[in-house]
Amino acid sequence: MPEGHVIHRLATALTDRFAGSRLQVTSPQGRFAASAELIDGYQLRVAEAWGKHLFLDFAPGGSEGATDADGEADADTQPEHIVYIHLGLIGTMQFEALSGADEIKGQVRLRISDGVTAVDLRGPQWCRLITDHEKEAAINRLGADPLRADADWESVRARVMRSKRTVASLLMDQKLFAGVGNIYRAETLFRLGIAPDTPGNQLTASQWDAIWADLVELMSDGVLAGRIDTVRPDHMPEAMGRAPRKDDHGGEVYVYRRANDPCYICGTPIAFRPFEGRNLFWCPSCQRR
């Protein structure tokens with residue numbers, strides 16, 4: 001499942017490309033056809049990410065539809081619509097340049113196009129048309145997003161510091177840490193030397209603040225680079241004389257998907273085990289209780 005930096009990067013790309021343009025909105029697959037018809041010809045006002053959730057705010061384009069007394073388009077008589085997307089485990093949203101003989105490939109749930117460039121949504125967990133009230137309710141169910149300046153970290157910290165759940169469990173709870181996924185969880189805990197099975201109420205306020213600050217730094221870097229890199233300069237391939245990591249997820253990491261490989265710092269084999277439906281990775285020596 002894409003982590004929060006991917007969704008924020010996507011929201012920025014959508015806004016930069018389509019905001020203010022009158023758009024063609026279709027559902028080649030047909031499963032979103034009725035909703036797509038409602039917003040076909042609308043403008044994208046803004047694309048916004050909250051954790052792993054994407055919201056596309058559409059407003060009337062104004063060139064067709066209702067008119068005022070002077071025969072001009074009256075956008076006020078047309079409602080705004082919000083498309084709510086969660087990519088889930090297999091969803092993708094990809095840009096492509098259009099040609100004269102453009103052929104749609106695969107099961108495209110939603111296509112947004114300005115006639116020059118299109119973005120195609122495939123295999124999302126969901127794609128829904130919602131109201132402002134429903135958007136607010138969805139956001140209120142999410143925790144603090146390290147990539148948002150308006151994140152309410154203080155209220156989340158108070159909750160996690162009282163919890164008996166492990167820090168590994170807490171970090172994957174989207175009602176606490178919106179956008180944080182398995183990679184950022186594993187890497188942040190390693191970078192700070194925190195054992196993943198430590199209960200939340202056994203960590204100090206300064207440790208929780210360090211976790212938050214590290215997530216903000218790493219995820220912000222991920223938005224800029226388009227990949228996850230968590231390894232410090234001293235442990236990069238060129239500094240250590242080792243081969244670069246080869247993995248579909250890309251990026252240089254300390255422990256994620258490095259089970260049984262030697263730790264870059266102490267040489268201890270990286271440990272892993274299934275945990276709450278995902279694989280948990282850590283160094284038994286660098287991350288002692």
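How exposed is Arg-257, in terms of relative accessibility? In this predicted model, Arg-257 comes out at 41% relative accessibility and so counts as partly exposed. The residue sits in the loop between helix 8 (237–240) and strand 9. Its backbone is worth a look too, since phi of Arg-257 is near 55°, a positive value in a residue other than glycine. That loop between helix 8 and strand 9 also holds Asn-260. Asn-260 has a positive phi as well, near 75°, and again the residue is something other than glycine. With a relative accessible area of 58%, Asn-260 is exposed, because the cut-off for that label is over 50%.

Stepping back to the whole protein chain, the secondary structure adds up to eight helices and ten strands. Taken along the principal axes, the C-alpha atoms fill a box of roughly 75 × 45 × 30 Å. Of the 289 residues in the protein chain, 48% are buried. The accessible surface is about 14000 Å², and carbon and sulfur atoms own 48% of that surface. As for contacts with a separation of 6 or more, 63% are between residues 24 or more positions apart. On the charge side, there are 33 positive and 40 negative side chains, and the centres of these two sets lie 11 Å apart.

Next comes helix 6, which spans residues 182–191 and is mostly covered, with ten of its ten residues buried. The buried set takes in charged side chains along with the rest: Arg-185, Glu-187 and Arg-191 are among them, and so are Ile-183, Tyr-184, Leu-189 and Phe-190. What does the covering of these buried residues include? Part of the cover comes from helices, including helix 1 (4–18), helix 5 (167–171) and helix 7 (205–225). Strand 9 (271–275) and strand 10 (278–282) are also part of the cover. After helix 6 comes Gly-193, with a positive phi near 70°.

The two strands that help cover helix 6 are themselves partners: strand 9 and strand 10 run antiparallel and are joined by five bridges. Within this pairing, Arg-273 has Leu-280 of strand 10 as its bridge partner. The hairpin that strand 9 and strand 10 form has two residues between the strands, and here Glu-276 takes a positive phi near 50°.

Strand 6 is another enclosed piece. Why does strand 6 (residues 108–113) count as largely enclosed by the rest of the structure? Six of its six residues are buried, so the label follows directly. Strand 6 has pairings with strand 1 and with strand 7. Strand 1 (residues 24–26) runs antiparallel to strand 6, and three bridges join the two. In that pairing, Val-25 stands opposite Ile-112 of strand 6. Strand 7 also pairs with strand 6 in the antiparallel sense, over five bridges, and Arg-111 has Asp-120 of strand 7 as its bridge partner. Between strand 6 and strand 7 the hairpin has three residues, and Gly-115 takes a positive phi near 90° there.

The stretch leading up to strand 6 is a loop from strand 5 (92–97), and Lys-105 lies in this loop. Unlike the buried residues of strand 6, Lys-105 counts as exposed, because its relative accessibility is 59% and the label needs over 50%. Lys-105 and Pro-28 are 77 residues apart in sequence, while their C-alpha atoms are 9.7 Å apart in space.

On the other side of the strand 6 hairpin, Thr-117 belongs to strand 7 (residues 117–122). Is Thr-117 buried or exposed? Its relative accessible area is 12%; buried means under 20%, so Thr-117 falls in the buried class. The side chain of Thr-117 makes a polar contact with the side chain of Arg-17, at 3.5 Å. Leaving aside neighbours within four places in sequence, the contacts of Thr-117 include Arg-17 and Phe-18, as well as Phe-95, Glu-96 and Leu-98. Ile-112 is also on that contact list, and Ile-112 is the strand 6 residue that Val-25 stands opposite. In a regular strand, side chains alternate between the two faces of the sheet.

Note on methods
Residues numbered from 1 in each chain as written. Predicted model: local features only at pLDDT ≥ 70, side-chain atom pairs only at ≥ 80, totals over all residues. Heavy atoms only, no water. Helix = DSSP H or I, 4+ residues; strand = E, 2+ residues; numbered from the N terminus. Buried < 20%, exposed > 50% of the residue type's maximum accessible area, 1.4 Å probe, protein only. Polar contact = N/O pair within 3.5 Å; in protein donor to acceptor, adjacent residues only side chain to side chain. Contact = heavy atoms within 4.5 Å. Areas by Shrake-Rupley, 256 points an atom, 1.4 Å probe, with all protein chains shown as cover. Lys, Arg positive; Asp, Glu negative; His and termini not counted. Charge placed at Lys NZ, Arg CZ, Asp CG, Glu CD. Pairing = 2+ DSSP bridges.
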